[in-house]
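Let's take a walk through this one together, a stop at a time. Have the viewer open and follow along as the residues come up.

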Amino acid sequence: MAYNTNDILKWIMRILFLAIIIPYFFIGANDRNDALLIEAESFIDKGGWVVDPQFVEQMGSPYLLAHGLGRPVQDAQTSFQIYKKGEYNIWVRTIDWAPGNWEAPGRFQLKIDNKIFPQILGTRKGWDWQYVGQAKLKKGVHQIALADLTGFDGRCDAIYLSTNEEPPPSDPEVLADWRKQVLQLPEAPEQLEQFDLIITGGGIAGCAAAIAAAEQGLNVALIHDRPVLGGNASGEIRVHTLGIYGHFRRILKMLDTEHYPNGSPEAHEEDIKRLSNIKKYDNIRLYLNWRAYDAHAEQDIIQYVDAKHTSTGERIRFFAPLFIDCTGDGWIGYWAGAKYMYGRESVDKYGESWEKHGEIWSPEKEDNFIMGASVLWRSIELDTVSNFPEVLWAMEVVGDYAAENGEWQWEFSRNDLHQVDDAEQIRDHMLKAIFGSFYNEKQKPGNERLALEWVSYLIGKRESRRLIGDHIYTFNDIRNNVKFPDSVVVEEREVDVHYQQNLLDPGKPDFLSEALFYQVDRYYVPYRSLYSKNIGNLLMAGRCFSCSHIGLGGPRVMRTTGQMGAAVGYAASLCKKYNILPREVYQKYLEEYMRLVLSSDQYVHNP
Amino acid sequence: MKVYLRVLALGLFISVGVLEGTHTRQNYSCFPVLELPSRDSVFLNPVYFCENSMGEYFYYANIKTTVCNDTLCQLVLLKVFWDLAGNFTRFDTLQGKPLTKNDHIPFTSQDYEKLHYTLIDETSILGNKTKDELLDKDRSRYSAKIDGVTGATAQEIKSAVVEGALYSTYTLWHLANGTIKGLIRKHTLSRYNDKIRQQLLKSDNPPTIIFGLKNLDEKFYYEQFDQIVDLLKFGNPLVNFYLAKKIPEGVFTIQKNRTSIEEIWHSFDRNTQSILLKYIESDLDK
């Protein structure tokens, strides 16, 4: 095998890099040095695999995903150090994400020092350890690689090598403790950071909050678990922003998108704009690829938020007097013990009926059939013929449904699936829907040159946990155009609540939704819906604000949630100025606060 | 222009007077119970409550309304039928008065079929649009504006209406699916009895069944559980999900009732199963 200079340099760099990182990061050895855990997301060269941290809370870790749209992706590879030579048993933590009477879609193999193991991986139901085989390994540095076989979303969480024959634990809780032990992680993060304000979630709401607070002089940490800002608006998910600017045109113009079709690659340009605007603020410290995993409260005051790097596993404990939850799923509030709601309330709970649409609008009895999550996708016409493999594992979901692009209607919700706890299953259902429908489309004459151009692997959620504030925003606030003394958000957009199409027509696929629109005049969201009722120093902006299921239907779009973000950013600045908690802004400093909100567009930022 | 349109509308109003009473021959007995104003508020159309020879109730109205685009108004006449829950069921043209498109070209049979499917779709995108919003002025983004979060595009509207009869379809949809539903429901409830209840529950239209179910008392579930099981067998996901939540827990303390549910378990959709699961004890493949 011939190597060119670049290859040699690349390997030297890798070995040097490993020499630095092995003692610290996500490759852990036991005390006897005859066992080793390698977290897949920490691979130095990820090849065509991507880091997926969306489901850490459910399956335990970020993982590598071979998202190749049906074409095997390039190997992910890294190096590891063996301290004690021996015959090692090897396991890979993986999953067959579409089990059934067919070949698993996400198959891959493992290579060590370029020797490929025959065991096909990604073939076991449910996340667990799959045995790979044995390898005689000498003391020293070795290379390991994941070789994708399908391009259909094979996944690898971690690799474990041990001279012992006992596999790692399967039980998620035991596994979590075992992991800490093997990786020799201290109980708490050793790196500590202090800020005036910690914002978790870098969607439009989180970014707006960061700008508003930073302009008022606060030192802000913005923690986001992706490499790009924007959340659902980012180039990774590609939903365009909707709603009006309210009092925050200047700030939101720095963050929002044009009205291109959902799924458009034009979203990437907006990512660049958004990031460069955030970077103009020296007092916003941006933590991209950091995912919060805990928030600790004492006497209903959050003390800190812990976050972990999605690839290296580094951890930081973030201290601040104030926290803003812009995670969408309300994670900070959830961990801190904030009161929250989930599900569709009964129609009578807040009096939210719309007789015209009855049960599909608001049910007589409460349930969990909330609005679903979308995965956007698109295809293009190539100059040459493009093949697309059979996807037997998708056909039970799609039947004979065919499509060449996906829009917002590609949405999945089911009463027994929780939008947070079952998010991976929901995402995977959408992947089956997309690949299956595209396969059917490809079978039509004339579509020989049609090829998948992009399929997101991130789910764009509409609804999940809603943290409870001093005011729960409902449909009646909207339809009655209630003006509050603390109206900080203004919107004119219809109330737009979705339901699954197959609820009315069982012949429709279960992954398509429909929207019900209730036309309204201008409506307002009060500041009291943007801080927690029981966690004293927690503000929130985004879909996790304090509202009912139907109340969310209007203000859930991203310019509106951006307004919420800006509003809580300003509130945080008054909290700092007077050393008070968010509720006191309303109780004692409302006039000053509203002046600040209403003058936002007149502010001139001089970096 | 508006004055001109009003004059035209008034002219049509006067000319239509002679059409009153030209309904097709009826084999049912009816009497007027409600009034449905036309969209232009020019006409007040009586709505009749009827019983046919099979003893089934329904409502109908001979709708008269003017439909205007930017330059022209025309009179639209249509006989529209609703069920006891105020849901549109069908329409008939009045003798010698076909619907027309592109000014005065009569509807084809395909056009009538399209109109039927549009009017029966109570969640049609037309319900979300004002008349001014029907045409997409921003031609440069014509197909790019597919945007379910805010509303529809011209493309979506186009696919929802009879080609060449945009305003007629729009107007008729709002008459068939607008305020009339609430008015009819109120009237039905004012006459509610066992016969009406049975007709509602035996409907093949899920929203109508649910309207019937919403007016059942708890006793019915215990005493007429066989009928509830029949509804569950009918298998509509919306009805079944509603029933799964609505059936009183006590009903499942009766073994016979649990067995009935277990026998049809596999015909249920996942949403319905997710609610009923707690009542099922057998080793079903849940």
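**Starting from a glycine in chain A**

Set aside anything up to four places away in sequence, and Gly343(A) touches Asp367(A), Asn368(A), Ile370(A), Glu463(A), Arg466(A) and His549(A). Keep in mind as you look that this is a predicted model. Gly343(A) sits in the loop between strand S20 (340–341) and helix H8 of chain A. Is this glycine buried or exposed? Gly343(A) has a relative accessible area of 1%, and buried means under 20%, so the residue counts as buried. You can also look across to Asn415(A): it is 72 residues away along the chain, yet its C-alpha atom and that of Gly343(A) are separated by 9.0 Å.

Now move along to Ser374(A), which belongs to strand S21 (residues 373–374) of chain A. Ser374(A) is buried too, with a relative accessible area of 7%. Which residues does Ser374(A) contact, leaving aside its neighbours within four places in sequence? The list is Trp408(A), Trp410(A), Glu411(A), Leu458(A), Ile459(A), Gly460(A) and Arg462(A). With Trp408(A) you can pick out a particular atom pair: a polar atom of the Ser374(A) side chain lies 3.2 Å from the backbone oxygen of Trp408(A).

Next, turn to where the two chains meet. Chain A puts 38 residues into the contact and chain B puts in 35. Between them the chains bury about 3100 Å², with 53% of that on carbon and sulfur atoms. How many salt bridges run between chain A and chain B? The count is 5. One to zoom in on pairs Glu364(A) with Lys214(B), whose closest N and O atoms are 3.1 Å apart. There are also 11 residue pairs in polar contact between the chains, counting pairs with both residues at pLDDT 80 or more. On the chain A side, helix H8 (358–361), strand S28 (495–500) and strand S29 (513–518) each supply at least two of the residues that touch chain B. Sorted by class, that side of chain A has 15 nonpolar, 8 polar and 15 charged residues. As for the predictor's own scores, the complex gets an ipTM of 0.88 and a pTM of 0.89.

Cross over to chain B and find helix H7 (residues 206–214), which is mostly covered, with 8 of its 9 residues buried. Those buried residues are Pro206(B), Pro207(B), Thr208(B), Ile209(B), Ile210(B), Phe211(B), Gly212(B) and Leu213(B). What do they pack against? Within chain B, their partners are helix H5 (180–190), helix H6 (194–201), helix H8 (218–223), helix H9 (225–234) and helix H10 (237–246), and from the other chain they pack against H8 of chain A.

Zoom out and chain B shows 12 helices and 7 strands. It has 286 residues, and 52% of them count as buried. Of the chain B contacts between residues at least 6 apart in sequence, 55% join residues at least 24 apart.

A word on confidence before you finish. Chain B has a mean pLDDT of 82, with 80% of its residues at 70 or more. Over residues 1–25 of chain B, though, pLDDT stays under 50, and the model has 27 contacts beyond four places in sequence for that stretch. Residues 138–152 of chain B also stay under 50, and there the model has 49 such contacts. Where pLDDT is low, don't read the predicted coordinates in detail.

Terms used:
Residues are numbered from 1 along each chain as its sequence is written. Chains are lettered from A and ligands numbered from 1 in the order in which they are written. Side-chain values use heavy atoms; hydrogens and water are left out. pLDDT is the predictor's confidence in each residue, from 0 to 100. Contact means heavy atoms within 4.5 Å. Buried area is the accessible area (1.4 Å probe) that two parts lose on being put together, summed over both. A salt bridge is a side-chain nitrogen of Lys or Arg within 4 Å of a carboxyl oxygen of Asp or Glu. A polar contact is a pair of N or O atoms within 3.5 Å; within protein, one must be able to donate a hydrogen and the other to accept it, and residues adjacent in sequence count only if both atoms are side-chain atoms. Helices (H or I, at least four residues) and strands (E, at least two) are DSSP runs, numbered from the N terminus. Ala, Val, Leu, Ile, Met, Phe, Trp, Tyr, Cys and Pro count as nonpolar, Asp, Glu, Lys and Arg as charged, and the others, Gly among them, as polar. Buried means under 20% relative accessible area, exposed over 50%, partly exposed in between (1.4 Å probe, protein chains only).
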